[in-house]
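Here are a few short exercises to work through with the model open. Try each task before you read its solution.

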Amino acid sequence: MLSLYEATQLRVHGEDILEEALDFTTHFLNLIASFSEPVPIIHILFRKHGNLIPGPRAAAPPALPQERPCSEQAQQLLIQPLHRGMQRVQAQHFISFYEEDECRNEKLLQLAKIEFNRLQLLHRNELSQIQ
């Protein structure tokens with residue numbers, strides 16, 4: 001959903017399907033951002049549209065932990081889409097969101113932190129040489 005929202009930000013005038021997608025994703029991300037704790041997406045859809053699966057056993061939606069939205073990430077994206085922000089600041093935000101992800105790859109996270117800190121150190125050294 002976050003990627004679709006990002007894609008709709010790059011639309012041009014006259015792309016009706018992307019306008020509709022923007023309305024849908026904005027509404028959905030606002031809904032996600034309104035939750036204080038992570039809630040599986042299926043529960044959000046169930047609350048909005050009622051019973052999605054016909055039959056007597058469809059009383060409650062199944063929990064899908066791999067689809068847990070992050071309300072903070074949705075809020076941040078609604079405030080400022082990724083392509084409109086400074087890459088380094090956005091990378092720092094994404095690293096903090098990724099740290100909280102239950103399905104994260106620890107080595108990838110460590111590599112991202114090392115790369116971020118290395119580049120930050122390089123910028124500091126360049127600034128100290130200028131002064």
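**Exercise 1.** In which helix does Phe24 lie?

*Solution.* Phe24 sits in helix H2; helices here are DSSP runs of H or I with at least four residues, numbered from the N terminus. Before going on, note that this is a predicted model, where local features need pLDDT of at least 70, side-chain atom pairs count only at pLDDT 80 or more, and totals for chains, interfaces and linings use all residues. Residues are numbered from 1 along each chain as its sequence is written, and side-chain values use heavy atoms, leaving out hydrogens and water.

**Exercise 2.** Work out how Phe24 and Asp16 rank as buried, partly exposed or exposed.

*Solution.* Start with the cut-offs: buried is under 20% relative accessible area, exposed is over 50%, and partly exposed is in between (1.4 Å probe, protein chains only). Next, take Phe24: its relative accessibility is 43%, so it counts as partly exposed. Then take Asp16, which lies in helix H2 (residues 16-33). Its relative accessible area is 55%, so Asp16 is exposed.

**Exercise 3.** Find how many helices and strands the chain has, and what share of its residues is buried.

*Solution.* First, count the elements: there are six helices and zero strands. Along the sequence that reads α-α-α-α-α-α. Finally, look at burial: 24% of the chain's 131 residues are buried. For contacts (heavy atoms within 4.5 Å), take those with a separation of 6 or more: 50% join residues 24 or more positions apart.

Definitions and conventions:
Helices (H or I, at least four residues) and strands (E, at least two) are DSSP runs, numbered from the N terminus.
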